[in-house]
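Here are my notes on the model you asked about, point by point. Keep the structure open while you read.

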Amino acid sequence: MATTIKMIAEMAGVSPGTVDRALYNRGRVNPEVKKKILDIATQLNYKPNAVAKGLAAINKKYKIAVILHTQINTFQREIIEGVEEAENEIKDNGVTVEIMEGSHFSADYQIGLLEKALKEKVNAIAVNPIQDQRIKDKLNQIASSGIRVYLLSNHLDDVNYCAYYGCNYKAMGAITSGLIRITASTSDRLLIFSASFSMRGHKDRIEGIKEGLKDYGDSFISGVYELPDDDIETYKITRKAIAEHPEVSIIVAPGAVSSKGMITALKDEGIYGKVKLIIFDLSTISKEGLMQNKIIASIEQSPRLQGYNAIKGIYSDLLYGNQPEKINHYVPTKIVLKENLIYG
């Protein structure tokens, strides 16, 4: 059955007249409502297909650059899978997506990728931004030139961006603290491992955990350690942390970046499966730990959905000429237990 304006209106919770105004620019519509309507229309292949045929007739092309912050790891691979899935759905409409791999959280390298994207005359950039003033300045320069800037998977303050696609990291930290409350008492001691502090989301997540556990007292959190994107160094840091804090009974740690080095260290220390371990990201290592009852839970960040939603949203904005300003599109945060893997 063909998609109708009435169907879109019902899904968006608005009147058919509002949908008509949003789709055909016939009058004023709240920007967030318009965005919702256009996203639904895109998902249902209502307006995009019709417009795309017109664009193809005049050889209109769109190019989107996706710029990562580091080399491709498990988490980034899932984001890319989502990006590629979305690209496959719209590539016949004259859309191309170029994925540019970063290097070890290097701001200099990311600036080089941004400059490369400019030379290639892209219409929009989706970037997982490194927390660095030079990155902020470069993104603001790009935005002022008329190229659309979108933030993917990590926020960045003081940047003129159209929209953010990714996790609500502060909320994720709060959810993690809630899980800790269920599994631990005030007599337990918590050790937090985090991926690079050069990414704002990682800091926000830690802040969310701390805020959620502040009534447990200052001594509840034994320490916070930054893990590099390198299994060998992560192994060393993890063993050092355990040696410094033998009282630790619960650990929160990343499950994609350098998780192998961290878990190997816990095994060598003889505490893997003895301490309560909560992992971010549903990686292969996380799944194995859950099935073996070595990990009590994984906090899933839906990286594939982050990538998919970003490309579909950017395409919708380009197609309709939308000019959103700092709109947040958060993916769901999910707690995954062993039973979720067994029963779905």
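1. A quick definition before we start: a residue is called buried under 20% relative accessible area, exposed over 50% and partly exposed in between, using a 1.4 Å probe and protein chains only. At 61% relative accessibility, aspartate 158 counts as exposed. You'll find aspartate 158 in the loop between strand 4 and strand 5 (163-166). Its phi is near 60°, a positive value in a residue other than glycine. For background, most residues other than glycine have a negative phi.

2. Some ground rules. This is a predicted model, where local features need pLDDT of at least 70 and side-chain atom pairs count only at pLDDT 80 or more, while totals for chains, interfaces and linings use all residues. Residues are numbered from 1 along each chain as its sequence is written, and side-chain values use heavy atoms, with hydrogens and water left out. Helices (H or I, at least four residues) and strands (E, at least two) are DSSP runs, numbered from the N terminus.

3. Now compare another positive phi: serine 302 has a phi near 50° and is not a glycine either. Serine 302 sits in the loop between strand 10 (297-300) and helix 13 (303-320). Is serine 302 buried or exposed? With 8% relative accessibility, serine 302 counts as buried.

4. On to the sheets. Two strands pair if DSSP finds at least two bridges between them. In general, strands of a sheet pair through backbone hydrogen bonds, either parallel or antiparallel. One open sheet here has six strands in the order 2-1-3-4-5-11, with parallel pairing. Strand 2 (95-100) and strand 11 (327-330) stand at its edges with a single partner strand each, so one side of each is left without a neighbour in the sheet. From one strand to the next, the twist averages 20°; for angles like this, axes are lines fitted to C-alpha atoms (for helices over the stretch in contact), and angles run from 0 to 180 degrees between N-to-C directions.

5. Staying with that sheet, strand 3 (residues 124-127) and strand 4 (residues 148-152) run parallel and are joined by four bridges. If you want a spot to look at, alanine 126 stands opposite tyrosine 150 in strand 4. Helix 5 (residues 74-90) lies across strand 1 (62-67), strand 2 and strand 4, and runs at about 165° to strand 2.

6. The other open sheet has six strands in the order 7-6-8-9-10-12, and here the pairing is mixed. Strand 7 and strand 12 (334-336) are at the edges with a single partner strand each, so one side of each has no neighbour in the sheet. Neighbouring strands of this sheet are turned by 15° against each other on average, direction ignored. Where can you see an antiparallel pair? Look at strand 10 and strand 12, which run antiparallel and are joined by three bridges. Glutamate 300 stands opposite lysine 334 in strand 12.

7. Strand 6 (residues 190-194) deserves its own point. How many of its residues are buried? Five of its five. Both faces are covered, with Leu190, Ile192 and Ser194 on one side and Leu191 and Phe193 on the other. Strand 6 pairs in the parallel sense with strand 7 (residues 221-226) over five bridges, and with strand 8 (residues 250-254) over three bridges. Leucine 190 stands opposite isoleucine 221 in strand 7, and isoleucine 192 stands opposite valine 252 in strand 8.

8. Last, a helix pair. Helix 6 (residues 107-119) and helix 7 (residues 133-144) pack at an angle of about 10°, with their axes 10 Å apart. That makes helix 6 roughly parallel to helix 7 (angles under 35 degrees count as roughly parallel, over 145 as roughly antiparallel, 65 to 115 as roughly perpendicular and the rest as oblique). Contact means heavy atoms within 4.5 Å. Among the residues that meet are Ile111 and Leu114 in helix 6, and Ile135 and Leu139 in helix 7.
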